Amino acid sequence: MDHNVYSEVTPEIVQLAKLSEKADIIETELFTKYDVKRGLRDLNGKGVLAGLTRISDVRASKMVDGVQVPIHGDLFYRGYNVKDLVAGFTKDNRFGFEETTYLLLFDKLPTEKELADFTALLAYYRSLPTSFVRDIIMKAPSKDMMNTLARSVLTLYSYDDRADDTTLPNVLRQSLQLISLFPLLTIYGYQAYSHYHDGKSLYIHSSKPELSTAENILHILRPDSSYTPLEARILDIALVLHMEHGGGNNSTFTTHVVTSSLTDTYSVIAAAIGSLKGPRHGGANIKVVQMFEDMKKEISDWEDEEQVSAYLTRLLHKDTFDHAGLIYGVGHAVYSKSDPRAVIFKSFVEKLSEEKGLQKEFALYSLVEKLAPEVIARERQIYKGVSINVDFYSGFVYHMLGLPMELYTPIFAIARISGWCAHRMEELANNGKIIRPAYKPIGENRSYTEVSDRKGSS
């Protein structure tokens, strides 16, 4: 690729950035003085109530004698415990993504006929416009698949004769199309980039209507389209566990905020993708995998608790890995005693590690799961307990499935699009006001100075 001089950060830009930073810094004590909830969370981590939702519920505490105490986490989709949903469709040897998407959108579990009809409808919509792959996805492929996905979503606006229609039937139609197309947009984008930039063979498999979403992902991604039943089942469970997590997570709140302006569906979903892309939100499982790869190099005996504990301590002291002072995959803004998604996932992860012959790696993950909360409690002053979160094991699963790391966060988006669409429908159905939180100005009034009398920056 030709060098782009306009991508350079010149000394002049660095100097202007320092000027901007100096102008923008707000003293930390002012947030306390004016009772501003930074990150829309109070000092004990409780979220500021910004809306109401029927779609899902994240429970991590209960009131006991007027005091809020932490409990093992639970996640509910439309009132159903996710543990029960997963147990139900796995017991019947069914895929759960389509069924759970139906539940999130329509507030009911489908009958056999309703599920079959809905699955067929998703398969019908899993078709890109003519020449879209050639003209859009293959042109100027990005190294970041989330950017590729967002660009493709925004471009679909141009192919929609009713793009700006925000009536509920039309938005539902757009939502179903996007839910169906996300796997294709993501994986085709990755294949285009790996071909043009990494010199890999280019292959574009069409989706198959008889396959589930999880099966289609593996089918269109792998050169030979092969996969085991266990691989497809576990990927399906990963999609279900990631597809929704309350109205307060960053990308879902973004969906509500942008929807409230009454803009089009494509702009809303592109905004949500931009939010999820951030490493504080959707990119954490990549960091988990990278951290474990570093750990395996640094530790001679993966079963030695002292060595593992010492490595985790060095992480917190910023003495190893990325020097950020974090143990990735441990801790959550809401959950303290346990993340139910990680609890559900773990047993299936163990089965896949056995199929792949990676029992030693799974044992190392389990040991870190045990030791990390102890190390953090010893090294840090924390206001609530910590446990592993869903990212802890999801990256390991994607690694075992042979998914390229570039697709880890997009897989999250393929799942979460169902939740985003449910929340967009909810926001529109209630016809609420535009979401416009208040910011308190703290600057002083100043008198205008003629340009000849102004002093330069020091």
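The buried residues of helix α9 pack against four other helices, namely α4 (97-106), α8 (168-198), α10 (229-242) and α18 (408-430), and this is a convenient place to enter the structure. Here buried means under 20% relative accessible area, while exposed means over 50% and partly exposed lies in between, with a 1.4 Å probe and protein chains only. Helices (H or I, at least four residues) and strands (E, at least two) are DSSP runs, numbered from the N terminus. The model is a predicted one, in which local features need pLDDT of at least 70 and side-chain atom pairs count only at pLDDT 80 or more, whereas totals for chains, interfaces and linings use all residues. Residues are numbered from 1 along each chain as its sequence is written, and side-chain values use heavy atoms, with hydrogens and water left out.

Helix α9 covers residues 213-221, and because nine of its nine residues are buried, it is largely enclosed by the rest of the structure. Among these buried residues are T213, E215, N216 and H219, as well as I217, L218, I220 and L221. Just before the helix, S212 has its place in the loop between α8 and α9, and with 7% relative accessibility it counts as buried. S212 touches F95 and E98, if residues up to four places away in sequence are not counted, where contact means heavy atoms within 4.5 Å.

Following the chain onward, the reader meets S225 in the loop between α9 and α10. S225 is buried, with a relative accessible area of 19%, and it has a positive phi of about 60 degrees although it is not a glycine. Most residues other than glycine have a negative phi. Helix α10 has 14 residues and reaches 20 Å from its first C-alpha to its last, close to the 20 Å expected at 1.5 Å a residue, the expected span being 1.5 Å times one less than the number of residues. Eleven of the 14 residues of α10 are buried, so this helix is largely enclosed by the rest of the structure; the buried ones include E231, D236 and H242 together with I234, L235 and V240.

A second residue with an unusual backbone angle can be set beside a buried one from another helix. L262, found in the loop between α11 (250-259) and α12 (265-277), has a positive phi of about 65 degrees although it is not a glycine, and at 52% relative accessibility it counts as exposed. L156, in contrast, belongs to helix α7 (residues 145-156) and counts as buried at 6% relative accessibility. Leaving aside neighbours within four places in sequence, L156 is in contact with P129, F132, L178, L181, L185 and Y266. One of these partners, F132, is 24 residues from L156 in sequence and 9.0 Å from it in space, C-alpha to C-alpha.

The aromatic rings come next. Rings of Phe, Tyr and Trp (its six-membered ring) pair if their centres lie within 6.5 Å, and planes under 30 degrees apart count as stacked, over 60 as edge-to-face and the rest as tilted. By this rule the count comes to 15 aromatic pairs. The rings of F292 and F392 have their centres 5.6 Å apart and their planes at 75 degrees, so they form an edge-to-face pair. This pair links distant parts of the chain, since F292 lies in helix α13 (residues 284-298) and F392 in helix α17 (residues 390-400), 100 residues apart. Both F292 and F392 are buried, and they belong to one aromatic cluster with F362, Y365, Y393 and F396.

Rings also take part in arrangements with charged groups, and a charge sits over a ring if NZ of Lys or CZ of Arg is within 6 Å of the ring centre and within 35 degrees of the ring normal. R38 lies over the face of F31, at 4.0 Å from the ring centre, and the charged end of R59 sits over the ring of F76, 3.9 Å from its centre.

Finally, the view can widen to the whole chain, which has 18 helices and three strands. Of its 458 residues, 47% count as buried. Among contacts in the chain with a separation of 6 or more, residues 24 or more positions apart account for 70%.
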